[in-house]
Amino acid sequence: MTNDILDLATQVGRALEAKRLVLATAESCTGGGVSQAITEIAGSTGWFDCGFVTYSNASKAELLDVPPALIAQFGSVSEEVAGKMAEGALSNSTADVAVSTTGIAGPTGAVPGKPVGTVCFGWSRGGTTLTERLVFQGDRKAVREQTVAHALRGLLRFIE
């Protein structure tokens with residue numbers, strides 16, 4: 001884990017603690033990387049509830065209540081699914097705010113219109129959900145690290 005990611009996770013923890021908010025994560029392409037970064041920070045038990053690693057479409061539907069029809073229509077790597085993942089993490093936890101990641105880390109998995117490195121994010125809190133789609137460069141490890149860092153940066157902007 002990079003120092004940049006650990007610094008971001010520390011900032012997220014401080015911001016959550018200051019606002020008395022609790023976080024949940026819903027991750028696909030990062031495989032729990034956001035949760036790992038968060039739980040590296042001492043005291044995270046005060047502001048982290050749980051993380052869902054929903055790699056398969058079935059687990060997104062079963063654990064996060066993402067409608068299978070939505071996945072069929074837009075694909076699992078879509079802003080629509082990322083938003084529902086974040087909302088599902090909130091409704092299936094005691095958290096106040098959630099972040100989600102779903103993407104194609106590579107080296108395979110690209111489809112027309114969604115190259116390797118395509119990642120969609122969701123941030124949800126209090127009835128508001130924001131989503132974003134980015135395309136990162138690099139190998140699988142680089143894409144995943146950039147995704148974790150961006151998810152944390154977005155979380156900072158979203159909660160402040």
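Ile-38 is a good place to start in this predicted model: beyond its neighbours within four places in sequence, Ile-38 is in contact with Ala-9, Val-12, Leu-23, Ser-44, Trp-47, Phe-48 and Leu-152. Ile-38 also belongs to the largest nonpolar core, a set of 31 residues, where Leu-16, Leu-23, Ile-38, Leu-152, Leu-155 and Ile-159 touch the most other members.

**The nonpolar cores**
- At least two residues of this largest core come from each of α1 (3-19), α2 (33-39), β3 (97-103), β4 (118-125) and α6 (140-159).
- Helix α6 gives the largest share, with nine residues.
- A second core of 14 residues is separate, and its members include Ala-26, Leu-70, Ala-86 and Leu-90.

**A closer look at Thr-147**
- Thr-147 sits in helix α6.
- Thr-147 counts as buried because its relative accessibility is 0%.
- Apart from neighbours within four places in sequence, Thr-147 is in contact with Cys-29, Thr-30, Thr-101, Val-119, Phe-121 and Phe-136.

**The overall fold**
- Six helices and five strands make up the elements of the protein chain, and their order from the N terminus is α-β-α-β-α-α-α-β-β-β-α.
- The protein chain is as compact as a globular protein of its length, because its radius of gyration of 14 Å is close to the 15 Å that the globule rule gives for 160 residues.
- Of the contacts between residues at least 6 apart in sequence, 63% join residues at least 24 apart.

**Surface and charge**
- Buried residues account for 49% of the 160 residues.
- The protein chain exposes about 7300 Å², with 50% of it supplied by carbon and sulfur atoms.
- There are 13 positive and 16 negative side chains, and the centres of the two sets lie 3 Å apart.

Key. Residues numbered from 1 in each chain as written. Predicted model: local features only at pLDDT ≥ 70, side-chain atom pairs only at ≥ 80, totals over all residues. Heavy atoms only, no water. Core = buried A, V, L, I, M, F, W, Y, C linked by side-chain atoms within 4.5 Å. Buried < 20%, exposed > 50% of the residue type's maximum accessible area, 1.4 Å probe, protein only. Helix = DSSP H or I, 4+ residues; strand = E, 2+ residues; numbered from the N terminus. Contact = heavy atoms within 4.5 Å. Rg over C-alpha atoms; globule rule 2.2 N^0.38 Å. Areas by Shrake-Rupley, 256 points an atom, 1.4 Å probe, with all protein chains shown as cover. Lys, Arg positive; Asp, Glu negative; His and termini not counted. Charge placed at Lys NZ, Arg CZ, Asp CG, Glu CD.
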